[in-house]
Amino acid sequence: MGMPSWMWMAVGVFVLAGLVKGVVGLGLPTVAMGLLALRMPPAEAAALLVMPSLVTNLWQMRPFSTLGPALRRIGTMQIGICVGTGVGAALLGAPAGAWAGVALGVALVVYAAWTLAGAQWQVPPQHEGWLGPLVGSVTGFITSATGVFVIPAVPYLQALNLSRDLLIQTMGLCFSVSTLALAAGLAWNGSFSVGDVGRSAVLLVPALVGMQIGTWLRQRLSPLWFKRCLMVGLLLLGVSMVVR
C-alpha cells in the first residue's frame, strides 16, 4: 500500500522547509506550518513538525561546549517560552479551527513584513533581565496558537547584537525549547500521539535532505536575495490565509 497523498505533499513541504533553514538558519516551522495548513488542520500540521524541528534545531545548537554563556544570557527567556506555551495550551487548546488559520496568517505577515523592512530593534543590556522572560512568554503563547515560534523571539535575539555564530546557536536553543513545549502542549490537549511521533520521525529525513541542499546553496547564492524572495512568498501566503 502506497503513502497517502497528503504524506507525499508533506515530504515535499519538509524538503522545501529544510532547504530554507539550510540557507538562512531559520524558517522550517514557518514554511512547514504555512504550507501544511493549506491541506490539514493546524494541530495535525504542528504534530508533524515536532521531530524535524527538534532534530534540526539541536543540530543548529552546536558546538555544545559554548552553550553555557548562551544559556546564562537567555535562560530566563526559555522559562518564559515554556510558561507562555503552557498558558496558551490551557486557555486556547491545540491550534484548530478558522481562528488558528487566521492567527497563523497574521504571524506569517508580521514576520515577513518585519524582515523585509529590515527593521533592527536594539535592546540595552540593562533591559535584558525583564524583557527576555516577557518576549519568551509572548513567543510561547503565539506558538501554542499557531505552531510557529519566530515572533517575537527572532527579532529580540537579533536585537541583542550577538555574533553571527552565537545568534545561530541561540536561535537553535530557543527553537528547541519551543518545539518541546509545543509537543507537550499538543500532548496535553490530546493532539499528539505515538502515531504522530512515527509520522513526524519519517518526515525528519526529507527535512535533513532539504537542509543539506540548503547548506550547499548557501555557499553559492546570495542569502539576502533568497531571503527576500522567501519573505515575499510567506507574506502572500499569510495574506491568503487571513483572507480565506
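User: Which helix gives the largest share of the lining of the largest cavity?
Analyst: α8 does, with 3 residues. Helices here are DSSP runs (H or I, at least four residues), numbered from the N terminus. A cavity is a set of points on a 1 Å grid over the protein atoms alone where a 1.4 Å probe fits but cannot get out, and lining residues have an atom within 4 Å of a point.

User: What kind of model is it, and how are residues numbered?
Analyst: It is a predicted model: local features need pLDDT of at least 70, side-chain atom pairs count only at pLDDT 80 or more, and totals for chains, interfaces and linings use all residues. Numbering runs from 1 along each chain as its sequence is written, and side-chain values use heavy atoms, without hydrogens or water.

User: OK. How many cavities of 30 Å³ or more does the structure hold?
Analyst: There is 1. About 40 Å³ of space lies in the largest cavity, counted as the space filled by probe spheres set on the points.

User: Which residues line the largest cavity?
Analyst: Thr85, Ala89, Gly93, Ala94, Pro95, Ser144, Leu182, Gly185, Leu186 and Asn189. Two elements give two or more residues to that lining: α4 (67–92) and α8 (164–188).

User: What is that lining by class?
Analyst: It has 5 nonpolar and 5 polar residues, with no charged ones. Nonpolar is Ala, Val, Leu, Ile, Met, Phe, Trp, Tyr, Cys and Pro; charged is Asp, Glu, Lys and Arg; the others, Gly among them, are polar.

User: Pockets now. How much space lies in the largest pocket?
Analyst: About 700 Å³. It is lined by 26 residues, and the closest to its centre are Val24, Gly25, Arg164, Ile168 and Arg218. A pocket is an open set with protein on both sides within 12 Å along at least five of seven lines.

User: Which element gives the largest share of the lining there?
Analyst: α8 again, now with 6 residues. The lining of the largest pocket splits into 12 nonpolar, 8 polar and 6 charged residues.

User: And the second largest pocket, how much space lies in it?
Analyst: About 290 Å³. Its lining counts 16 residues; Thr115, Leu116, Gly118, Gln158 and Lys227 lie nearest its centre. Elements giving two or more of its lining residues are α5 (97–117), α7 and α11.

User: Which element gives the most to that lining?
Analyst: α11, with 5 residues. By class, the second largest pocket has 10 nonpolar, 4 polar and 2 charged lining residues.

User: Back to α8. Is Thr170 buried or exposed?
Analyst: Thr170, which lies in helix α8, is buried because its relative accessibility is 2%. Buried means under 20% relative accessible area, exposed over 50%, partly exposed in between (1.4 Å probe, protein chains only).

User: What does Thr170 touch?
Analyst: Ala70, Ile74, Leu157 and Leu162, leaving out residues up to four places away in sequence. Contact means heavy atoms within 4.5 Å.

User: Where is Met51 found?
Analyst: Met51 sits in helix α3 (residues 42–60). Met51 counts as partly exposed because its relative accessibility is 24%.

User: Which residues does Met51 touch?
Analyst: Val197, Ser200, Ala201 and Leu204, with residues up to four places away in sequence not counted. Met51 and Asp196 are 145 residues apart in sequence, yet 9.5 Å apart in space, C-alpha to C-alpha.

User: Last one. Which residues in α1 meet α10?
Analyst: Val11, Phe14, Val15, Gly18, Leu19, Lys21, Gly22 and Val23 from α1. Their partners in α10 include Pro206, Gly210, Met211 and Arg218. That contact between α1 and α10 is made up of 10 nonpolar, 5 polar and 2 charged residues.
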